[in-house]
Every structure is written in C-alpha cells, then in structure tokens.
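Me: I would like to learn how to read some features of a protein model, beginning with the idea of a buried residue. Could you take me through them slowly?

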Amino acid sequence: MTSVAVFKWAMNPHDERVGSDGQIKWFAERPEAGDDDYAAVQVAHDAAPEAELVGLTMASGDMAFAAARGAARTVAIEGVDILAQPTEVASALANAIKDMGDVTLVSIGDAAWSPMVPSLLAAELGWPCVLAVDAVRPEGDSLVVTRRFGAGTQDVAVTGPCVLAVAARREEEQKPGMKQVLQARKKPVDTVAAQIGDVATFDASGVHEPNAQASKLFDGADPAAAVAQLVSALQSEGVL
C-alpha cells in the first residue's frame with residue numbers, strides 16, 4: 001500500500017511577467033514548493049502511517065522536500081513543459097501515479113497557483129476528490145477527512161482510493177533542519193519520463209494591454225498644497 005504526496009508541481013505566479021505583446025517571462029523557470037505542499041506531505045502520512053510514503057514532483061531543483069518530511073523515496077517527472085496547461089500537468093501526474101501500482105491515496109496542495117489541477121488529477125484517476133482539506137485520520141477501512149466548510153469545518157468519510165487537496169492554514173512551524181535535509185538527499189529518487197495523454201488544452205485568441213487610468217502626480221515642493229490636492233482628488237473619486 002502506497003500513499004503519494006505531490007509537491008513542487010506548480011509555477012509561482014509571483015515569478016511571472018506578461019508583456020504587452022502577451023509573451024510570458026519567468027524569473028525562475030521551474031516549479032516551486034507551494035504554501036500547501038508541506039501540509040500535503042503531512043496529510044499523506046497521517047492518512048496511512050504504516051504505508052510507504054512517496055513524494056511526487058517535477059524534475060527540477062532540490063528533490064529532498066518530501067523526503068525531509070518523511071517520504072521514503074521520491075519520483076520526479078521529467079519532460080513537462082514549463083508552460084504546461086493544468087490538463088497536461090494533471091495527466092502527467094496521473095500517469096506517474098498509475099505506474100506506481102498499489103496507490104491508495106494522493107495528497108496534493110490545494111494551491112491557488114493552479115487550482116484546477118487537483119480536481120483534474122482526480123478525474124484522470126477516476127477517484128473522488130475532497131477539496132479544502134485540513135486534516136485526516138484513519139478509522140477502520142475508511143478515512144475521516146476534515147475540510148473547511150463555510151465558516152467552520154466538516155468531517156467527510158471516504159472509502160477507497162481518493163485525492164485530497166490540502167489547504168494549509170498557516171506557514172510550516174517546524175521546518176526540517178540541515179541535518180534532516182542532508183539525510184533526505186541520500187534517499188532514492190527515481191526519474192520517469194512524462195506521459196501526457198490526449199487532453200484538452202486552451203488557446204489564447206488574442207492579447208491586449210491591461211486597462212489603466214492615467215496617474216495623478218502632485219508636486220511635493222509645497223507639502224500643504226500637495227496634501228490639499230490629494231484630499232480633493234480622493235473626494236472627487238468618492239473615496240472620502
């Protein structure tokens with residue numbers, strides 16, 4: 001029995017710059033560990049403490065993220081384009097998971113960076129998907145999944161293989177130390193070629209510069225006059 005924690009699968013939108021011609025440039029041309037990834041590893045462990053925990057990621061950078069948090073080994077998918085669409089990322093992840101064999105649970109960050117992927121991944125696998133997951137615990141042959149629901153939480157009983165999309169409530173409080181990271185780098189890493197099925201993709205029909213209003217500049221040589229002008233401008237815009 002194997003549980004899989006997916007990490008470093010999405011591009012950080014803060015590294016993205018879109019030019020007026022529609023061309024996208026990235027400061028860091030690789031997926032990064034998202035804010036939810038550490039929680040996804042924890043949930044995968046909590047759901048099946050006795051199962052083998054495998055980290056699944058895109059082949060770039062440091063592979064020790066999941067291993068430093070308890071994964072026995074890591075599988076890295078090689079050959080996914082940096083600008084791959086969510087349908088393609090989900091297909092690559094799903095095919096890598098299918099090749100692992102006896103996987104009973106997949107935990108993945110419910111990332112705002114690419115929110116479609118967890119649901120698409122579940123669809124590719126044919127498994128149910130629970131979103132906004134906070135925590136999980138095994139109970140008999142089922143899992144009791146705690147997810148955010150409205151202003152509170154909701155417990156959902158899940159039986160059989162499933163995808164849990166985890167949303168961390170806070171930053172990781174106890175990050176692995178250098179010793180743990182160095183030990184994690186000695187754990188096995190298997191690299192596999194990306195397998196992307198015949199999936200739907202989206203094409204841009206055109207681009208345009210964002211709508212913008214002209215800025216108003218106030219001469220600060222006379223601070224009092226500048227403040228009066230600012231107040232007047234804010235009043236005219238209905239802000240004050």
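Reply: Let us begin with a term: a residue is called buried when its relative accessible area is under 20%, exposed when that area is over 50%, and partly exposed in between. Please keep in mind that the model shown here is predicted. Lys8, in the loop between β1 and β2, has a relative accessibility of 8%, and therefore counts as buried.

Me: What is the phi of Lys8, and what sign does it have?

Reply: The general idea is that most residues other than glycine have a negative phi. In this model, Lys8 has a phi near 50°, a positive value although the residue is not glycine. Ala132 is another such case, with a positive phi of about 55°; Ala132 belongs to strand β7 and is buried, at a relative accessible area of 16%.

Me: How should I read a salt bridge, and how many salt bridges are there here?

Reply: In general, side chains of opposite charge can pair when their charged atoms come close. The count for this model comes to eight salt bridges. One of them joins Arg73 to Glu52, with 2.9 Å between the closest N and O atoms. Because Arg73 lies in strand β5 and Glu52 in strand β4, this pair ties together parts that are 21 residues apart in sequence. Glu52 itself is partly exposed, with a relative accessible area of 30%.

Me: Which parts does the salt bridge between Arg69 and Glu172 tie together?

Reply: The side chains of Arg69 and Glu172 meet at 3.0 Å, N to O. Arg69 lies in the loop between α2 and β5, while Glu172 lies in the loop between β10 and α5, so the pair ties together parts that are 103 residues apart in sequence. As for accessibility, Arg69 is partly exposed at 23%, whereas Glu172 is buried at 17%.

Me: Where do Asp134 and Arg148 lie?

Reply: Asp134 and Arg148 form a salt bridge of 3.3 Å, N to O. Asp134 is in strand β7 and Arg148 in strand β8, so this pair links parts 14 residues apart in sequence. Asp134, at 21% relative accessibility, counts as partly exposed, and Arg148 is partly exposed too, with a relative accessible area of 29%. Salt bridges can also share partners, as they do where Glu52, Arg73 and Asp190 are joined into one network.

Me: How do I read a pocket, and which residues lie nearest the centre of the largest pocket?

Reply: It helps to take the volume, then the lining, then the kinds of residue. The largest pocket holds about 780 Å³ of space, and among its 32 lining residues, Trp26, Ile82, Leu83, Ala84 and Gln85 lie nearest the centre. That lining divides into 20 nonpolar, six polar and six charged residues. The second largest pocket has a volume of about 420 Å³, and its 21 lining residues include Tyr38, Ala39, Gln42, Glu172 and Glu173 as the closest to its centre. Helix α1 gives the most to this second lining, with seven residues, and the lining as a whole comprises ten nonpolar, three polar and eight charged residues.

Me: Which residues make a nonpolar patch on the surface?

Reply: Val227, Val231, Val239 and Leu240 make a nonpolar surface patch of about 370 Å². Of these, Val231 sits in helix α6 and is partly exposed, with a relative accessible area of 33%.

Notes:
Residues numbered from 1 in each chain as written. Predicted model: local features only at pLDDT ≥ 70, side-chain atom pairs only at ≥ 80, totals over all residues. Heavy atoms only, no water. 1 Å grid on protein atoms, 1.4 Å probe; cavity = no way out; pocket = protein on both sides within 12 Å on 5 of 7 lines; lining within 4 Å. Points joined across faces, edges and corners; volume = space filled by probe spheres on them. Nonpolar A, V, L, I, M, F, W, Y, C, P; charged D, E, K, R; others polar. Helix = DSSP H or I, 4+ residues; strand = E, 2+ residues; numbered from the N terminus. Patch = residues over 30% accessible without salt bridge, like charges linked within 9 Å, V, L, I, M, F, W, Y side chains within 5 Å. Areas by Shrake-Rupley, 256 points an atom, 1.4 Å probe, with all protein chains shown as cover. Salt bridge = Lys/Arg side-chain N within 4 Å of Asp/Glu carboxyl O. Buried < 20%, exposed > 50% of the residue type's maximum accessible area, 1.4 Å probe, protein only.
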